[in-house]
Amino acid sequence: MFIIGFNFDEVIKFLPRGGVIAELGVKRGRNARKLFHELSPEKLYLVDPWAMDEDVGYAGRLTESDRSALVDYHREVLEWGKSGDRDGRVEVIRDYAIPASHQFPDKYFDIVYVDTLDSYDGFYNDLCTYAPKMKDDGIIIGDDFYDLRFRVNKGSVRKDGVGDEETSLCMINAANDFARDCGWELLVMTDEYKSIRRPPRFLAGKKDFNGVAHKVRDKLLRNAPWAIEVDDPRRVRQTMVVPKGATSPMDNLFFTRIV
Ligand SMILES: C[S@@+](CC[C@H](N)C(=O)[O-])C[C@H]1O[C@@H](n2cnc3c(N)ncnc32)[C@H](O)[C@@H]1O
């Protein structure tokens, strides 16, 4: 895997256009809008339960106001998906990623963007469920490939609240276990700490399949301002630097660290 000096807004310019895409975990559709406008998909499926259950899984953790915000987001995304050039090309599915997967044939998607639950089981199972749904040269993009203690957007490191190391590293472990168990390869991860104060994302392709995913990797390597090869993507971590004279957490800087 390579770490590249690009954020996702830069990476998206190198992704294939006009394909069949799904986003798992949509919320208010910020990234969905980006995927649609930048990649002009033939079809974009947007899958999210938008708090359809009151007490199942992640929904059990939501407050009343979170839940009502999600219900509003669902309405907004539905309206957006029906209007303008989205009509007939955007399909909104109010369900969890795994049950929703049953409606898609195998080898169907060009790109699936996974941004559902920040938990080992949630991320691992969603990635593995959608692996057979991907075309051989499809690309799986995973969000939040980082140690959950590092709150990049708040400029701090959480001392508690995510539990033990296994819990805080669950996204890194789940992505690596998915790649190992499903025959995929983590090709690149982004560097977005400085440019947009965002945790890294990864792009994965089917292992040893020389298709679009690997061509995208090569184009990114040719165009990124820098790239660093990481032998073992399990060893990705973060570090936070507090600059001398810093007066606010937002002065703190984050970088990738390999242990
Ligand atoms: C971080 S937000 C997604 C943000 C969105 N990808 C963006 O960048 O604009 C996570 C979303 O995942 C949804 N979610 C939680 N569990 C899910 C599941 N099993 N399947 C699909 N979506 C899920 C939540 O309802 C929430 O809206």
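Trainee: Which residues come nearest to the ligand?
Mentor: In this predicted model, the ligand has 18 residues around it, and those that come nearest are G25, K27, N31, A97 and D115.

Trainee: And which elements give two or more residues to that shell?
Mentor: Strand β2 and helix α2 are the elements that do so. By class, the shell around the ligand holds ten nonpolar residues, three polar ones and five charged ones.

Trainee: Let's stay with β2, then. Is that strand mostly covered or mostly open?
Mentor: Strand β2, which spans residues 20-24, is mostly covered, with four of its five residues buried.

Trainee: Which strands is β2 joined to, and by how many bridges?
Mentor: Strand β3, residues 43-47, runs parallel to β2 and is joined to it by five bridges. Strand β5, residues 109-114, also runs parallel to β2, and four bridges join that pair.

Trainee: What stands opposite E23 in β3?
Mentor: The residue opposite E23 in β3 is L46. Between these two strands the chain passes through helix α2, residues 30-39, and the resulting β-α-β crossover is right-handed.

Trainee: And on the β5 side, what is the bridge partner of I21?
Mentor: I21 has I111 of β5 as its bridge partner.

Trainee: Switching to the core: how many residues has the largest nonpolar one, and which have the most contacts inside it?
Mentor: The largest nonpolar core has 64 residues, and L46, V112, L127, I140 and A175 are those with the most contacts inside it. The element that gives the most to this core is helix α7, residues 170-182, with seven residues.

Trainee: What is A175 in contact with?
Mentor: If its neighbours within four places in sequence are left aside, A175 is in contact with F123, L127, G142, F145, L186 and F202.

Trainee: F123 and L127 sound like α5. Which residues of that helix are buried?
Mentor: In helix α5, residues 120-130, the buried residues are G122, F123, Y124, D126, L127, T129 and Y130. Their cover includes β2, α4, β5, β6 and α7, where α4 is residues 97-101 and β6 is residues 134-142.

Trainee: Different topic: where is W184, and why does it count as buried?
Mentor: W184 is in strand β9, residues 184-189, and it counts as buried because 22 other C-beta atoms lie within 10 Å, where the cut-off for burial is 20 or more.

Trainee: What does W184 touch further along the chain?
Mentor: Not counting neighbours within four places in sequence, W184 is in contact with A131, I140, F178, A179, A204, G205, K206 and K207. In the case of I140, the two residues are 44 apart along the chain, and their C-alpha atoms are separated by 9.3 Å.

Trainee: I also noticed some odd backbone angles. What is the phi of K107, and what is that of D144?
Mentor: K107 has a positive phi of about 50° although it is not a glycine, and D144, which is not a glycine either, has a positive phi of about 55°.

Trainee: Where does each of them lie?
Mentor: K107 is in the loop between α4 and β5, while D144 lies in the loop between β6 and β7, the latter being residues 150-151.

Trainee: Are those two buried or exposed?
Mentor: K107 counts as exposed because it has 11 C-beta neighbours inside 10 Å, whereas D144 is buried, with 21 other C-beta atoms within 10 Å.

Trainee: What about F6, buried or exposed?
Mentor: F6 counts as buried, with 22 C-beta neighbours inside 10 Å, and its place is in the loop between β1, residues 2-4, and α1, residues 8-11. Beyond the residues up to four places away in sequence, F6 touches V11, T190, L220 and A224.

Trainee: Last one, R235: where is it, and what does it touch?
Mentor: R235 is in the loop between β11, residues 227-229, and β12, residues 236-241. It touches V230, I258 and V259, again without counting residues up to four places away in sequence.

Trainee: Why does R235 count as exposed, then?
Mentor: R235 is exposed because 12 other C-beta atoms lie within 10 Å, and the cut-off for an exposed residue is 12 or fewer. From R235 to I172, 63 residues away in sequence, the C-alpha to C-alpha separation in space is 8.5 Å.

Definitions and conventions: Residues are numbered from 1 along each chain as its sequence is written. This is a predicted model: local features need pLDDT of at least 70, side-chain atom pairs count only at pLDDT 80 or more; totals for chains, interfaces and linings use all residues. Two strands pair if DSSP finds at least two bridges between them. A crossover is right-handed if, with the strands pointing away from the viewer, the path from the first strand over the helix to the second runs clockwise. A residue is near a molecule or strand if its C-beta atom, placed from the backbone, lies within 6 Å of it. Ala, Val, Leu, Ile, Met, Phe, Trp, Tyr, Cys and Pro count as nonpolar, Asp, Glu, Lys and Arg as charged, and the others, Gly among them, as polar. A nonpolar core is a set of buried Ala, Val, Leu, Ile, Met, Phe, Trp, Tyr and Cys residues joined through C-beta atoms within 7 Å. Two residues are in contact if their C-beta atoms, placed from the backbone, lie within 7 Å.
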